[in-house]
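Trainee: Could you take me through one part of this model in detail? I'd like to start from a single residue and work outward from there.

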Amino acid sequence: MGTTMKWWMCGVFFSLFTLSLNAFDINKPESKEFFIAYGRDGHLKKSNQYIHYTAGVDLCYPMPLEGMQFQLEPFFSFVPLPEVAAEAGLVFFIKYTVPIKSPLKPYVRGGSGVILLSRETEEQSSLFDFASQMGLGVSIDIWGERSLLLEYRYRHVSNCDLKHPNSGIDSYIWVLGCGSPF
């Protein structure tokens, strides 16, 4: 992902975030989503594999536009390949769920945040990096106000050219989650 695209995504994200500052109260999320995920990048220079298993939670806050939420997502990942390692991070998302009266509700989300890697790779020369993500998914009402979430995400991890090399790690991630009111 080019530097211009990163700055454009940051600008859009922070513009949307600042529109809802008056209604935002960090102590009052409206819902939560727990998830597990499998992610893979098959394009590393030496090992050709970067696999991670992730668990996390999304704390969801309402925004003024119907169907839109601000989300805080702390997560932890176990990385078995290319070498045993771990990731931990916090990503800020803007999520838009299509407001339809159906048990199946499609959504899209995008955001960025920080990630700590426990081991350097040839692509990343730093342990403190940034993770930008975009996802498409569907929320399926399963019982009352509880829902099942199925999502596909693209994640780019890089250090924003603060140190070289910085070619990044691009993961394709499958997410399974459940959501409920807080």
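Mentor: Happy to! Bear in mind that this is a predicted model. Let's start at I115, which, leaving aside residues up to four places away in sequence, is in contact with F75, E87, A88, G89, L127, F128, D129, F130, A131, R155 and V157. I115 also belongs to the largest nonpolar core, a set of 15 residues in which I115 and V157 touch the most other members. Two or more residues of this core come from each of β1 (31-41), β3, β4, β5 (104-117) and β8 (169-181). Another core, of six residues, lies apart from it and includes Y61, M63, M68 and I94.

Now follow the strands to the second largest pocket, whose volume is about 550 Å³. Its lining has 24 residues, and E30, S31, Q69, T97 and K105 are the closest to the pocket's centre. As for where the lining comes from, β1, β3, β4, β6 (128-143), β7 (146-158) and β8 each supply two or more residues. By character, the lining of this second largest pocket splits into eight nonpolar, nine polar and seven charged residues.

One more stop while we are among the strands: the loop between β3 (68-81) and β4 (85-97) is where you will find P82. The peptide bond leading from L81 into P82 is cis, and its omega is near 15 degrees. So β3 and β4 are worth following by eye: both give two or more residues to the largest core, and both do likewise for the lining of the second largest pocket.

Definitions and conventions
Residues numbered from 1 in each chain as written. Predicted model: local features only at pLDDT ≥ 70, side-chain atom pairs only at ≥ 80, totals over all residues. Heavy atoms only, no water. Helix = DSSP H or I, 4+ residues; strand = E, 2+ residues; numbered from the N terminus. Core = buried A, V, L, I, M, F, W, Y, C linked by side-chain atoms within 4.5 Å. Buried < 20%, exposed > 50% of the residue type's maximum accessible area, 1.4 Å probe, protein only. Contact = heavy atoms within 4.5 Å. 1 Å grid on protein atoms, 1.4 Å probe; cavity = no way out; pocket = protein on both sides within 12 Å on 5 of 7 lines; lining within 4 Å. Points joined across faces, edges and corners; volume = space filled by probe spheres on them. Nonpolar A, V, L, I, M, F, W, Y, C, P; charged D, E, K, R; others polar.
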